[in-house]
Amino acid sequence: MGRAQAIRALGAMSGTSLDGVDAAMVLTDGETVFETGQSAYRAYSPEETATLRAALGRWPGDELEAAARVIHDAHVDVLSRFDDVHLVGFHGQTLAHEPRGRGTHQLGDGAALADALGVPVVWDFRSADVRLGGEGAPLAPFYHFACARSLEAREPLAFLNLGGVGNLTWIDPSKDRPEVDSALLAFDTGPANAPLNDLMTERRGIPFDADGTLAATGTVVDGALELFLDEGYFLKMPPKSLDRDDFSLMLDLVRELSDADAAATMTAMVAAAVMRGIEHCPVPPARLLVTGGGRKNPVMMAMLAAGLDCAVEPVEAVGLDGDMLEAQAFAFLAVRVMRGLPTSCPGTTGVRAAVGGGEVSRPASSRAVRLG
Ligand SMILES: Nc1ncnc2c1ncn2[C@@H]1O[C@H](COP(=O)(O)OP(=O)(O)OP(=O)(O)O)[C@@H](O)[C@H]1O
Ligand SMILES: CC(=O)N[C@H]1[C@@H]2OC[C@@H](O2)[C@@H](O)[C@@H]1O[C@H](C)C(=O)O
């Protein structure tokens with residue numbers, strides 16, 4: 001394949017922070033990223049966020065219509081702003097993620113979205129991986145691999161996404177395909193912004209600690225940090241993944257602290273979880289490229305830089321867009337699904353063998369044409 005066969009794919013991600021939908025165009029054949037294009041963000045209103053929050057963990061359940069409507073309408077709203085789209089990659093909203101329990105569920109109906117947009121939609125990216133024994137997450141690593149290749153990186157490097165949850169992808173860029181043995185190691189590092197946001201909402205009535213302003217005035221309480229790091233999750237060998245609220249313990253550990261000390265200590269917990277994660281890498285990465293909202297938190301970034309031996313930089317340092325990388329990833333993965341290429345492998349999710357996850361829904365109009 002090559003640029004001549006490339007597809008204009010549009011990816012959409014509604015992340016664990018429940019703040020809105022990111023959407024971004026990628027021109028790709030599913031192996032090489034030829035171009036990234038237009039992007040857009042559609043924030044959820046406070047009422048919409050509340051509706052989604054109320055649905056978290058409620059799957060399987062029969063009271064999800066209101067949340068499903070929020071997901072559908074917000075996606076139609078933002079995705080219909082784009083022209084000349086060949087394919088959509090639709091992640092949906094994770095409501096529950098228990099790969100060894102009730103499974104993983106992303107709210108959203110790709111078939112209804114395909115009908116509304118008149119474009120084929122790839123969706124339900126995680127279930128096939130879980131069915132084959134994988135974690136079903138993280139899935140951005142194959143896109144991170146393509147980005148590392150296009151950067152012509154020579155030494156192993158890592159991408160870190162600091163969203164609601166943190167996830168890390170270690171890459172050996174000398175390998176020519178992501179699914180070959182030891183090209184990738186990926187896993188969720190631990191909680192990231194989600195519990196910190198919950199603290200800010202609970203204590204201050206604001207959605208997040210903008211620029212780490214509150215954390216910067218507090219002191220890290222070592223005892224709480226040590227108790228956090230005693231969690232078995234950090235010793236567990238990757239691949240491994242988390243649900244948004246798997247670390248409710250974090251808030252309990254700072255319950256007695258002042259607002260500023262609690263924010264500082266939770267920010268340190270996020271950074272320390274990443275440091276523990278990096279110890280699992282086959283060799284230390286030469287650089288850590290940070291994506292997601294946490295890269296805009298200077299206190300979090302400084303704590304990471306102080307604790308690691310490698311360069312810690314936002315992905316903008318290499319010309320990537322840290323607000324849109326995940327949306328781009330699902331555009332890229334959609335093209336891989338259409339081409340029958342894998343989207344995860346033992347090194348990224350622990351799945352038994354490389355697997356292509358994703359359901360394809362074509363719009364009713366094209367189904368009718370084909371039937372006729
Ligand atoms: N200027 C800033 N200062 C501090 N934190 C910030 C800033 N901007 C964004 N954030 C944090 O980043 C979060 C959003 O991150 P992001 O959009 O990457 O999350 P997400 O995509 O929903 O999560 P996930 O990757 O887990 O699905 C915000 O909720 C906030 O906590
Ligand atoms: C189950 C689920 O939705 N997981 C998300 C979440 O948010 C960050 C982290 O936890 C990561 O595992 C994943 O998202 C990214 C986009 C991924 O799959 O790579």
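A residue is near a molecule or strand if its C-beta atom, placed from the backbone, lies within 6 Å of it. By that rule, 21 residues surround ligand 1, and the closest are Gly15, Ser17, Gly163, Gly292 and Gly293.

This is a predicted model: local features need pLDDT of at least 70, side-chain atom pairs count only at pLDDT 80 or more, and totals for chains, interfaces and linings use all residues. Residues are numbered from 1 along each chain as its sequence is written, while chains are lettered from A and ligands numbered from 1 in the order in which they are written.

The chain has domain 1 (3–137 + 326–371) and domain 2 (153–318); such bounds come from an automatic or database domain assignment. The C-alpha centres of domain 1 and domain 2 lie 24 Å apart. Their contact (C-beta atoms, placed from the backbone, within 7 Å) takes 19 residues from domain 1 and 21 residues from domain 2. On the domain 1 side, strand 4 (87–98) and helix 13 (346–349) each give two or more residues. Helices (H or I, at least four residues) and strands (E, at least two) are DSSP runs, numbered from the N terminus.

Each domain gives at least three residues to the shell around ligand 1. Ligand 2 has 17 residues around it, and Thr94, Ala137, Pro138, Ala140 and Val165 come nearest. Strand 4 and strand 8 (165–171) each supply at least two. Both domains give residues to this shell, so ligand 2 lies between them.

In the table, Ala, Val, Leu, Ile, Met, Phe, Trp, Tyr, Cys and Pro count as nonpolar, Asp, Glu, Lys and Arg as charged, and the others, Gly among them, as polar.

| Residue group | Nonpolar | Polar | Charged |
|---|---|---|---|
| Shell around ligand 1 | three residues | 13 residues | five residues |
| Shell around ligand 2 | five residues | 10 residues | two residues |
| Side of domain 1 that touches domain 2 | seven residues | nine residues | three residues |

Notes. Contact = placed C-beta atoms within 7 Å.
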